[in-house]
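Me: Hi! I've just opened this one and could use a friendly tour. Where should we start?

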Amino acid sequence: TNAARDFSIEVVRQLKSHGHQALWAGGCVRDMLLGREPKDFDVATDAPPSCVQEIFGEKRTLAIGASFGVITVQGGKRRGQIEVATFREDLGYSDGRRPDDVRFTSAAEDAKRRDFTINGIFYDPDAEVIYDYVGGRVDLRQRLVRAIGDPNERFAEDKLRMLRAIRFSSTFQFDLEMNTLRAIQRHAENIAVVSAERIAVEMRKMLTSPRRVEAVVLLRDSWLFQVVLPEIIPILDHAPRWTETLRSLQCLPGNDFATALAALLRYPAARDLAMIDPRKPVPLLSEICLRWKLTNDETKDLQWLLRHVDLLRSAKDLPWPRLQRLLIDPRIEKLMNLATATTLARGESELHLEFAAERLAWSVERLNPPPVATGDDLIRAGLKPGPHFQGMLEAIRDAQLDGQIATLDEALALARDWRPA
Ligand code: ATP
Ligand code: MG
């Protein structure tokens, strides 16, 4: 990031040397003032896009965002790339998502089109001067997320800002300014016009943050939760389940998205989990994963975690091969985290988890003995390789872990009798 920071200062200096105004803008200024490491450094300038492109040369620039004034300047592998945005004003928001058009303007006007005061501060890293046209510094000091201008208008223009407000408020532990919160409640229903993918991006950031409980509470209080995740409605007014869910999100170690979702959806999915064939995916979960376009791995993780968390929570009572199979699963750490969160949230004894943790500390040889038969063994014994081999090997492995077979001969006998399910 030091390289990225230095590069962005270089970009600012170069623009200034051509007689333009150039400033750091938005998140990086906010993060710097908060003493946080900025994720990326955005530069804003009065130079129009064509000028920016000329200054840095066609070879080093990308003009994908040029129509709304953004030129990407490439600094190579180590320094990354910097987005240079021409000061602009957004004109008209007929779809509630994106401006219809933009007009290039001054820094003071550009500040006003940004979402929150804390995101509207500029800084000249070369002269070390702050330009604050929206009262952002005061709100940073007060730890407040406040919409710039009339919050009702701002959320009507772009509904995604409502989720961004919740995200900034929760991850920074800032309060939501009263009128900003009221406006979100008023417009909450309209979050539905935002694509599920963009909603999911925000949900992912919130649920993977250590402040996920604050986020979830704010999502409920702002009435956004009911719209973006209607599956949660049944527990919102069920005090014991809701408090338990919050407590489990609070106690959940790590920052895995699927695990956090699993903690959140434990009760909403409970009925399905009980009714649906355990080998089949739970529809309520599948629907959410599809809607939010989770990755295949995340989707599988979520299903698997909720299918197995209660098993792990009864580790001491499980037949050893059954527990062993859980413990050698690559997802066991996530499952342990979820089981820990659930157990702590319910105020139950951690005996079962301690037992599982002890076993988990066993040597690999003991916990996960080498397979009694490999694909090569089967081929050498004269079996024809093919797509069925994987299922066959799994059956052999299961039988080994179950203690039913222990030698290659027994494995081969099983393979010869094996038929796909
Ligand atoms: P993060 O740390 O999540 O990157 P950020 O504030 O940098 O936070 P970005 O999405 O990277 O957020 O946007 C950069 C800046 O662009 C913001 O600080 C804000 O000034 C402006 N901005 C981003 N999205 C919007 C929006 N939907 N409406 C108005 N201004 C926005
Ligand atoms: Mg950013």
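Me: What kinds of residues make up the shell around ligand 1?
Reply: They divide into 1 nonpolar, 4 polar and 6 charged. Here Ala, Val, Leu, Ile, Met, Phe, Trp, Tyr, Cys and Pro count as nonpolar, Asp, Glu, Lys and Arg as charged, and the others, Gly among them, as polar. Among the surrounding residues are Lys 39, Asp 42, Arg 114 and Asp 158, a residue being near if its C-beta atom, placed from the backbone, lies within 6 Å.

Me: And where does ligand 1 lie?
Reply: Domain 1 (1-142) and domain 2 (143-221) both give residues to its shell, so ligand 1 lies between them. The domain bounds come from an automatic or database assignment.

Me: Is this model predicted, and how is the numbering done?
Reply: The model is predicted: local features need pLDDT of at least 70 and side-chain atom pairs count only at pLDDT 80 or more, while totals for chains, interfaces and linings use all residues. Residues are numbered from 1 along each chain as its sequence is written, with chains lettered from A and ligands numbered from 1 in the order in which they are written.

Me: New topic: what is the strand order in the open sheet of 7 strands?
Reply: The order is S3-S4-S5-S2-S1-S8-S9, with mixed pairing. Strands are DSSP runs of E, at least two residues, numbered from the N terminus, and two of them pair if DSSP finds at least two bridges between them.

Me: Which strands stand at the edges?
Reply: Strand S3 (61-65) and strand S9 (129-132), each with a single partner strand, so one side of each is left without a neighbour in the sheet.

Terms used: Helices (H or I, at least four residues) and strands (E, at least two) are DSSP runs, numbered from the N terminus.
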